[in-house]
Amino acid sequence: MKKTFLLMAITTVGISFGQGKMQYPQTKKGETVDVYFDSKISDPYRWLEDDKSAETGAWVKAQNEVTYAYLDKIPFRNELKKRMEELWNYEKIGAPSKEGKFTYYSKNNGLQNQSVVYRKDENGKEEIFLDPNTFSKDGTTSLGGLDFSEDGSKAAYAISEGGSDWRKVIIIDALSKKVLEDTLVDIKFSGISWHGNEGFYYSSYDKPKGSELSAKTDQHKLYFHKLGTSQKDDKVIFGADQKRRYVGGYVTEDNRYLVITAANSTYGNELYIKDLTKANSPIVTIVDNFNSDSNIIDNQGSKLFIETDFNAPNKRIVTVDAANPKPENWKDFIKETKDILSPSTGAGYFFANYTKDAVSFVQQYDYNGKLVREIKLPAVGTAGGFSGKKADKILYYSFANYTTPGSIYSLEPKTGKSEIYQKPKVDFKSEDYESKQVFYTSKDGTKVPMIITYKKGTKLDGKNPTILYGYGGFNISLTPSFSIANAVWMENGGVYAVANLRGGGEYGKKWHDAGTKMQKQNVFDDFIAAAEYLIAQKYTSSDYLAIRGGSNGGLLVGATMTQRPDLMKVALPAVGVMDMLRYNAFTAGAGWAFDYGTAQDSKEMFEYLKGYSPVHNVKKGTHYPATMVTTGDHDDRVVPAHSFKFASELQEKQTGENPVLIRIDVKAGHGAGKSVAATIQENVDIQAFTLYNMGFKALPKK
């Protein structure tokens, strides 16, 4: 239903506004026109989709020069950076895991760009196992995964270069740390799951034609790599004949079954198993449709334990025998409740981690389905972990909230004894701050939760600089977490608010569905209502409000600021999905259709998407808030062209003096693996830009 006409006439537009105070690079306009259901849609900045062109590279460089010249003039930017680095500079240690004769854990001494993997032997002697800081001189190559063979004698680790989702996998002898064979390349959206010590399963796409950072990838395949053989000889296990966008494979702890999941979108998957104890065993179908999310989380011999939302929107655990594994034979093991279940296993127990109004509570069960105890958490917040091998005697879990830095606790599941394993020494007085959960009313009457965090004694006079953060999509829940950047913001008198919008997973599948496709506007309405609540309750006012979100949350910010530009002073969309008519043309974007729908689905869906697509709803003559778009030039999840186009539209059509900048990290992707130095600088620039455009000439410490 779409036709594209590429007209060769090119016009050049020099942009200058803000009464001559702000000069932007010239961004040429092409005359590309797409036709959707007889509607002609111009796409003047289509040329910015070509991430390989010198012209796009020159545009990126020119935009960054303008952006950094602006940021360099903010008088308190260096002071902000100094405090951010001071607060960030504390030792961070990850939860340990036993592999073979060694205990492995990550550690960062404070400001290292990448955390280092250490290990201790049985005598407690510590040594560095892998140091990702040596992978590249500039800290832009990161560790993307590390997995060990059954006996711990071998390891495979993935690396990401420049933030790309494409990975390389390096196989080493874990004892000597020597590389065993050639590096595996072109691996994407994949775990590494060993079968004993002989090899491992991984997933990838065929390398796309054109740009690997933006070209469409939509046929995922599961491979097995046998040690000592060439990657070109790796066998395709699943996906050669069945075209699926996302395929995953993992081996059960007892090495008995290969579990395969297959999906075409970000919700709903097929489920299969293969008996690895029998030569040439068939792949057996458990779930043959995409109407539910189902996953095998453990087994006892042929008894499978499946986490599912089939006939249980809030999820449950069921059991079934592998000989007859179809859903009609499933039996409840842990029943669905009114709260959202996220289970894990370890030390011979199940841990039912529930989300209730966006915070955690955890129950421990034995393998007969009997409740053993509720795990007493340190406070109200988010707990995670509770996983390990069946033979483990001690498990570890993390706990954090908006005022409490993340700590790691050890747990003896047999006794229930829990104690602090690692508590960070952060120069932040948590006791001086408080979080308050409120429930506000959205446009259609829906009650939506929001947690507001600030320094105790903050005066509600409408003059507090406030960041409102949201996501609202893909069944993802925003639960309390600690952030050094947010701590600095609050030290400077800022309020930090997180709204749990529809589209997320905070209240299960119904909550998620209520923010998808033709109901996506609910998400924006929820966010707008959150801002209006903060203003009405005098936490802030429109002159002191910033809205922030990344990825799908970047779309949220883009849609909200174009629908209600009067509502906020600053807009901070990061790595956002901004062109809703073309998002499915890039990388794995077509897989997001469950949440968004596509412009090709129907005329009605096209009109709906066009109605909120940020790129298509920037209007000439409008006073938009001060905006700093952020993205990475290597983002192959949400390609930077989304942000490039949105910034270009805003720079051309903005009225008034509020700046519109785009800050483009080079050799950076969607966010994962970004160096500490780059992360600190990005947060400094965002906060400096925000406060400066709220009228502050110095840090507003209170």
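Me: Why does valine 575 count as buried?

Reply: Its relative accessibility is 11%. Buried means under 20% relative accessible area, exposed means over 50%, and partly exposed lies in between (1.4 Å probe, protein chains only). Valine 575, at 11%, therefore counts as buried.

Me: Good to know! What kind of model is this?

Reply: This is a predicted model, where local features need pLDDT of at least 70, side-chain atom pairs count only at pLDDT 80 or more, and totals for chains, interfaces and linings use all residues. Residues are numbered from 1 along each chain as its sequence is written, and side-chain values use heavy atoms, leaving out hydrogens and water.

Me: Where is valine 575 found?

Reply: Valine 575 sits in the loop between β40 (570-574) and α7 (593-596). Helices (H or I, at least four residues) and strands (E, at least two) are DSSP runs, numbered from the N terminus. Valine 575 also has a positive phi of about 35° although it is not a glycine.

Me: What makes aspartate 38 exposed?

Reply: Its relative accessibility is 76%, and the cut-off for exposed is over 50%, so aspartate 38 gets that label. This residue lies in the loop between β4 (33-36) and β5 (39-42). Its phi is positive too, near 75°, in a residue other than glycine.

Me: Why is the contact between aspartate 685 and arginine 77 called a salt bridge?

Reply: A salt bridge is a side-chain nitrogen of Lys or Arg within 4 Å of a carboxyl oxygen of Asp or Glu. Here the closest N and O atoms are 2.7 Å apart, so the pair meets the definition. Aspartate 685 belongs to helix α10 (residues 676-693) and arginine 77 to helix α2 (residues 77-88), so the salt bridge ties together parts that are 608 residues apart in sequence. Aspartate 685 is buried at 0% relative accessible area, and arginine 77 is buried at 11%.

Me: How do you know that lysine 168 and glutamate 161 form a salt bridge?

Reply: The N to O distance is 3.4 Å, which is within the 4 Å limit, so the pair qualifies. Lysine 168 has a relative accessible area of 31% and glutamate 161 has 39%; both values fall in between the two cut-offs, so both residues are partly exposed.

Me: How many salt bridges are there in the whole structure?

Reply: A search finds 38. One of them joins lysine 232 to aspartate 233, with 3.7 Å between the closest N and O atoms, and both residues are exposed. Salt bridges that share partners also link Asp34, Asp43, Arg46, Glu49, Asp579, Arg582 and Lys645 into one network.

Me: How do you know that β27 and β28 pair?

Reply: Two strands pair if DSSP finds at least two bridges between them. Seven bridges join β27 to β28 (residues 349-356), so the strands pair, and they run antiparallel. One of the bridges matches isoleucine 340 with threonine 355 in β28.

Me: What makes β27 and β30 edge strands?

Reply: The open sheet has the order β27-β28-β29-β30, with antiparallel pairing. β27 (340-346) and β30 (371-375) each have a single partner strand, so one side of each is left without a neighbour in the sheet.

Me: Why is asparagine 486 called buried?

Reply: Its relative accessible area is 11%, which is under 20%, so the word fits. Asparagine 486 lies in helix α3 (residues 484-491). Leaving aside residues up to four places away in sequence, asparagine 486 touches Tyr496 and Gln687, where contact means heavy atoms within 4.5 Å.
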